[in-house]
Amino acid sequence: MAAAGGGECDVIMTPAAANLVAPSHPEGSAMLSDEDEDAGTRREAESFKEQGNAFYAKKDYNEAFNYYTKAIDTCPSNASYYGNRAATLMMLGKFREALGDAQQSVRMDDSFLRGHLREGKCHLSLGNAMAASRCFQRVLELDHKNAQAQQELNNARTVLEYEKIAEIDFEKRDFRKVVFCMDRALEFAPACHRFKILKAECLALLGRYPEAQSVASDILRIDSTNADALYVRGLCLYYEDCIEKAVQFFIQALKMAPDHDKACLACRNAKALKAKKDDGNKAFKEGNYKLAFDLYTEALAIDPNNRKTNAKLFCNRGTVNAKLRKLDEAIEDCTSAIKLDDTYIKAYLRRAQCYMDTEQYEDAVRDYEKVYQTEKTKEHKQLLKNAQVELKKSKRKDYYKILGVDKNASEDEIKKAYRKRALMHHPDRHSGASAEIQKEEEKKFKEVGEAFTILSDPKKKARYDSGQDLEEDGMNMGDFDANNIFKAFFGGPGGFSFEASGPGNFFFQFG
């Protein structure tokens, strides 16, 4: 947009060009007074202007600026010199300086159409669409058929509409729509810091921190005291959990603009969040898990928008819940952390351990796979392998559960458990039951014998505990006879008998 505004400048060095300041009658020359300027001074100023025109035509805008400045210094009462320098400054992207020259040109000559157009273009480029509209309307008052003024007036109205929509959408927290509106507005107002800052703030609120930082940093390179840019830079650091650095930027913004409400609120939230988190960490290290839980919960209520810090707080609270053996709550907190930051490895590891502790091995394997895909370390590989072994073991028969003993049961405890369960499920005991019950008890009797065969043999038990496939090791569990195991355990045939003491009641008699 700047190029269009500058390109209309009457500075091209062609004698026949209608759009130029003609050497015999330059724009604003009627304002020159012989009483104020002698002919020699006028010729010198015109010479500087013509040299400026030549450099402008070559697109050497810095040299053009220098010669237009010399023309102004020589003859400061000529409106066209200010107009030409304004056009040059616009081509250099210096719209604020150009605005001053354009305004000076129309103060000196209110009928100077190009002066009004340039002033309007500068206002629009800087984001002041209302002021730009007034300038373009003034041109249309002077020349109601001026097509450029009409087009620029339409552009200004378009920018005002985008501003209005963006304001409404910001209140609705529809930050993507605001970014869209600001991008469209910036096509007409490329030098508007206000639009850029609003866009950057919304990018930060959307979690697009590198883009937001880039916009804010570009503004700070131009104006290191811009409070809004300092605020946005701090906001990005705050949302990336660099809270101490963020506070420094918020404080700097407040030094530049003490009434900056957003910087004030963000600074207050950042300090409160850091204090609560630090207190929670301290309580955890001291073993005061209940207090740590409360402090992390209070911290989570401070700013729901700070996703990264809140992810850490949820994970910390999940660790507290794990310490309190509230494993379901711990899993829920870790899941909340991952929803806020799906790259948070620590949350995956904590949740996976909770899944292991609650014997949800498939979920544990999934989390450990995610971790190992992200960080291929030996430790993560071993954790994944352990979870896979436990998953495989969980899909086999649980011999400990079949015998009703703990995994650390002694040899004597295993024998006692077998004795009890074998007698409980022996087919002879259920000879008077229905066929269905007999079949079920026979199955359980066989499983009890199978479990005892494995757990009573140290080598087989070790292979079973390590997750090895017993059939791959040459043990076909379908080939053994549960009755033979029973007879061997109780001392062979005739060592016991079942006798009925009434319907459904049995007692055992040993020889």
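A residue counts as buried when its relative accessible area is under 20%, and as exposed when that area is over 50%; in between it is partly exposed. Keep those cut-offs in mind for this tour. The model on your screen is a predicted one.

**Stop 1: the whole chain**

Show the full protein chain as a cartoon. Its secondary structure comes to 25 helices and two strands. Now colour by burial. Of the 511 residues, 45% are buried. Switch on the surface. The chain exposes about 26,700 Å², and carbon and sulfur atoms supply 49% of that area. How much of the contact list comes from residues 24 or more positions apart? Among contacts with a separation of 6 or more, such pairs account for 53%.

**Stop 2: Phe-48 in α2**

Select residues 39-57. This is helix α2, and Phe-48 is found in it. Is Phe-48 buried or exposed? Its relative accessible area is 16%, under the 20% cut-off, so Phe-48 is buried. Show what surrounds the side chain. Setting aside residues up to four places away in sequence, Phe-48 touches Tyr-67, Lys-70, Ala-71 and Thr-74. Next, draw a distance from Phe-48 to Tyr-81. The two are 33 residues apart in sequence, and their C-alpha atoms are 9.7 Å apart in space.

**Stop 3: α3 against α4**

Select residues 61-74 for helix α3 and residues 79-91 for helix α4. Look along the pair. They pack at an angle of about 160°, and their axes are 9 Å apart. An angle over 145 degrees counts as roughly antiparallel, and α3 and α4 are therefore roughly antiparallel to each other. Their crossing is left-handed.

Now show side chains where the helices meet. On the α3 side, pick Tyr-61, Ala-64, Phe-65, Tyr-68, Thr-69, Ala-71 and Ile-72. On the α4 side, pick Tyr-81, Tyr-82, Asn-84, Arg-85, Thr-88, Leu-89 and Met-91. By class, this contact of α3 with α4 holds 10 nonpolar, three polar and one charged residues. Two names here come from the previous stop: Ala-71 touches Phe-48, and Tyr-81 was the far end of your distance line.

**Stop 4: Gly-83 in α4**

Stay on α4 and select Gly-83, which is found in that helix. Why does Gly-83 count as buried? Its relative accessible area is 0%, so it falls under the 20% cut-off. What does Gly-83 contact beyond its neighbours within four places in sequence? Select Ser-105, Phe-112 and Arg-118 to see these partners. Then find Gly-115. It sits 32 residues from Gly-83 in sequence, yet their C-alpha atoms are 5.7 Å apart in space.

**Stop 5: α8, a loop and α9**

Move along the chain to α8 (147-171) and α9 (175-188), and select the loop between them. Arg-173 lies in that loop. Its phi is near 65°, a positive value in a residue other than glycine. Its relative accessible area is 45%, so Arg-173 is partly exposed.

Now select the two helices. α8 and α9 pack at an angle of about 165°, with axes 9 Å apart. They are therefore roughly antiparallel to each other. α8 passes α9 in a left-handed crossing. The contact uses residues of α8 including Asn-155, Tyr-162 and Phe-170, and residues of α9 including Phe-175, Cys-181 and Phe-188. Sorted by class, the contact of α8 with α9 has 11 nonpolar, two polar and three charged residues.

**Stop 6: α9 against α10**

Keep α9 and add helix α10, residues 193-205. The axes of α9 and α10 come within 9 Å and cross at roughly 155°. They are therefore roughly antiparallel to each other. This crossing is left-handed. Among the α9 residues in the contact are Val-178, Met-182 and Leu-186; among those of α10 are Phe-195, Cys-202 and Leu-205. The contact of α9 with α10 has 11 nonpolar, no polar and three charged residues.

Where have Phe-175 and Val-178 appeared before? Both belong to the contact of α9 with α8, and both also belong to the contact with α10.

**Stop 7: Arg-325**

For the last stop, select the loop between α16 (307-323) and α17 (327-340), the place of Arg-325. Arg-325 has a positive phi of about 60°, although it is not a glycine. Is Arg-325 buried or exposed? Its relative accessibility is 54%, over the 50% cut-off, so Arg-325 counts as exposed.

Definitions and conventions: Residues are numbered from 1 along each chain as its sequence is written. This is a predicted model: local features need pLDDT of at least 70, side-chain atom pairs count only at pLDDT 80 or more; totals for chains, interfaces and linings use all residues. Side-chain values use heavy atoms; hydrogens and water are left out. Axes are lines fitted to C-alpha atoms, for helices over the stretch in contact, and angles run from 0 to 180 degrees between N-to-C directions. Helices (H or I, at least four residues) and strands (E, at least two) are DSSP runs, numbered from the N terminus. Angles under 35 degrees count as roughly parallel, over 145 as roughly antiparallel, 65 to 115 as roughly perpendicular and the rest as oblique. A crossing is left-handed if the near helix is turned anticlockwise from the far one by less than a right angle, and right-handed if clockwise. Contact means heavy atoms within 4.5 Å. Ala, Val, Leu, Ile, Met, Phe, Trp, Tyr, Cys and Pro count as nonpolar, Asp, Glu, Lys and Arg as charged, and the others, Gly among them, as polar. Buried means under 20% relative accessible area, exposed over 50%, partly exposed in between (1.4 Å probe, protein chains only). Accessible areas come from the Shrake-Rupley method with a 1.4 Å probe; for residues, only the protein chains shown count as cover.
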